[in-house]
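Welcome! Here is a friendly walk through one protein model, with the sequence and structure shown just below. Take a moment to turn it around before reading on.

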Amino acid sequence: MERKLTCLDLFCGAGGLSKGFLDAGYEVVLGVDYDDAALRTFQENHGSATAMKLDLFDHANLDHIVEFLKDKGIDDLDVLIGGPPCQGFSYAGKMNINDKRNFLYLAMVKLTDRLKPKAVLLENVLAMIEAKGGVGAKRVIKDFCEIGYKMVPKVLFAPDYGVPQLRRRVFFVGLKNSDVDFEFPLPIVDEAHYVTCEQAISDLPSLQLENGDIIRGTVVQEYIAPPMSEYQKLMRGRSAFVYNHIGSVPIEKTRKMIALVPEGKNYLALPEEYRGMYKYHEALTRYHSKKPSLTINTGHRSHFHYKWNRIPTVRESARLQSFPDDFLFFGNQSDQFKQVGNAVPPMLGQAIAEQLKNILINEEQ
């Protein structure tokens, strides 16, 4: 019987990346973050995994992780994964490459050096490899190389792996003391067959207000239609109810404006007299039913449902991120949007996890 590979998730957030590893058959033993709501979400959705709150600016706190693994009898961790915050490299921010948050990845470097896992996976924003001559990516590659991990970076496009979202992220994967470059999984879907917004969320109720039954700590609603696509069947899986689907009705002015925007367009499609009211380039963006969504954000209220004149709910955003319906989000609504928007799509994480699993299992044989 094939043993389960062990996985530890640093900067885990809600745990989208580790959910992918869980679905690939790994034993996720620990998730570490500093966000209370995200840690509760992680704890509730990763089986027997432990959620641990630590400030990873302080590298002395890595001792707690080492002690935890020792107490669990895990002497040989298989994979360390994580998506350290790098807001200074975000295109949405001020692009300050010396932002102290850009150096949080060093906690992963130091923990990798102490634990010596068989493999390490680091995920981050596209700007890390594109902006300022790729200085962020060069730092990551250099620092891991010095401790014996040859990090291979690659930009992955989520729709290529069945995720209904136009999301690009850079992934770095390194194998311990190996001269072999990690080969990333090939796309499984071509552009003509990308999963669309309609195929992802059309079976969900139009709106759930803040009332109804409470199950597993959140308001629930029953499905009102059967699944209308293979993707919806996959997302509904074992779930008997719709969770995290509380709607938010915009103010009347916004409703009137978004009603004027066709599918796939934004504020630039408004009559000329209204365009000057908006400056943000994604303002009043309405998803297109026949295409994947734009990159899910953390709740900026700039994206709108392809059919309804409102922003997507947490559950709709989670579907577009490939979180299954039985994955529940906790905290207030703002917390939940942040957790969904910051996550790695689980299906994308799973594709990498399965590729890595094949390598690690073969090395043991």
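## Starting at one side of the sheet

How many bridges join E6 to strand E8, and do the two run parallel or antiparallel? Six bridges join this pair, and the strands run antiparallel, with E8 covering residues 168-175. One pairing to look for is that of Leu156, whose bridge partner in E8 is Arg169. Please keep in mind as you look that this is a predicted model.

## The whole sheet

Now step back to see where these strands belong. They are part of an open sheet of seven strands, in the order E3-E2-E1-E4-E5-E8-E6, and the pairing is mixed. At the edges are strand E3 (50-53) and strand E6 (152-157), each of which pairs on one side only. From one strand to the next, the twist averages 20°.

Two helices can be placed against this sheet. Helix H1 packs on the sheet and touches strand E1 (6-10), strand E2 (27-33), E4 and strand E5 (119-124), and its direction makes about 145° with that of E4. Helix H3 lies across E1, E2 and E3, and runs at about 160° to E2.

## Strand E4 and its partners

E4 is a good strand to follow from residue to residue. E4 pairs with E1 in the parallel sense over four bridges, and Cys7 has Val79 in E4 as its bridge partner. E4 is also joined to E5 by four bridges, and these two strands run parallel. Here Ile81 stands opposite Leu121 in E5.

What about the two faces of E4? Both are covered: Val79 and Ile81 on one side are buried, and so are Leu80 and Gly82 on the other.

## Leu77, just before E4

Leu77 lies in the loop between helix H3 (62-71) and strand E4 (79-82). Is Leu77 buried or exposed? Leu77 has a relative accessible area of 2%, so it counts as buried.

The residues around Leu77 come from other parts of the chain. Leaving aside neighbours within four places in sequence, Leu77 is in contact with Thr6, Cys7 and Leu8, and also with Leu115, Lys116, Pro117 and Lys118. Pro117 is 40 residues from Leu77 along the chain, yet the C-alpha atoms of the two are separated by 4.9 Å.

## Where H1 meets H13

Helix H1 also has a helix to pack against. Two packed helices are described by the angle between their axes and the distance between the axes. For helix H1 (residues 16-23) and helix H13 (residues 346-364), the axes come within 7 Å and cross at roughly 50°. That angle makes H1 oblique to H13. The crossing of H1 past H13 is right-handed.

Which residues meet at this contact? From H1 there are Gly16, Leu17, Lys19, Gly20, Phe21 and Asp23, and from H13 there are Pro346, Gly349, Gln350, Ala353 and Leu356. By class, the contact has five nonpolar, four polar and two charged residues.

## A closer look at Lys19

Lys19, in helix H1, is a residue worth a second look. Its relative accessible area is 7%, so Lys19 is buried. Beyond its neighbours within four places in sequence, Lys19 is in contact with His46, Pro324, Phe327 and Pro346. Pro346 is one of the residues of H13 that meet H1, so you can return to the helix pair from here.

How values were computed. Residues are numbered from 1 along each chain as its sequence is written. This is a predicted model: local features need pLDDT of at least 70, side-chain atom pairs count only at pLDDT 80 or more; totals for chains, interfaces and linings use all residues. Side-chain values use heavy atoms; hydrogens and water are left out. Axes are lines fitted to C-alpha atoms, for helices over the stretch in contact, and angles run from 0 to 180 degrees between N-to-C directions. Angles under 35 degrees count as roughly parallel, over 145 as roughly antiparallel, 65 to 115 as roughly perpendicular and the rest as oblique. A crossing is left-handed if the near helix is turned anticlockwise from the far one by less than a right angle, and right-handed if clockwise. Contact means heavy atoms within 4.5 Å. Ala, Val, Leu, Ile, Met, Phe, Trp, Tyr, Cys and Pro count as nonpolar, Asp, Glu, Lys and Arg as charged, and the others, Gly among them, as polar. Buried means under 20% relative accessible area, exposed over 50%, partly exposed in between (1.4 Å probe, protein chains only). Two strands pair if DSSP finds at least two bridges between them.
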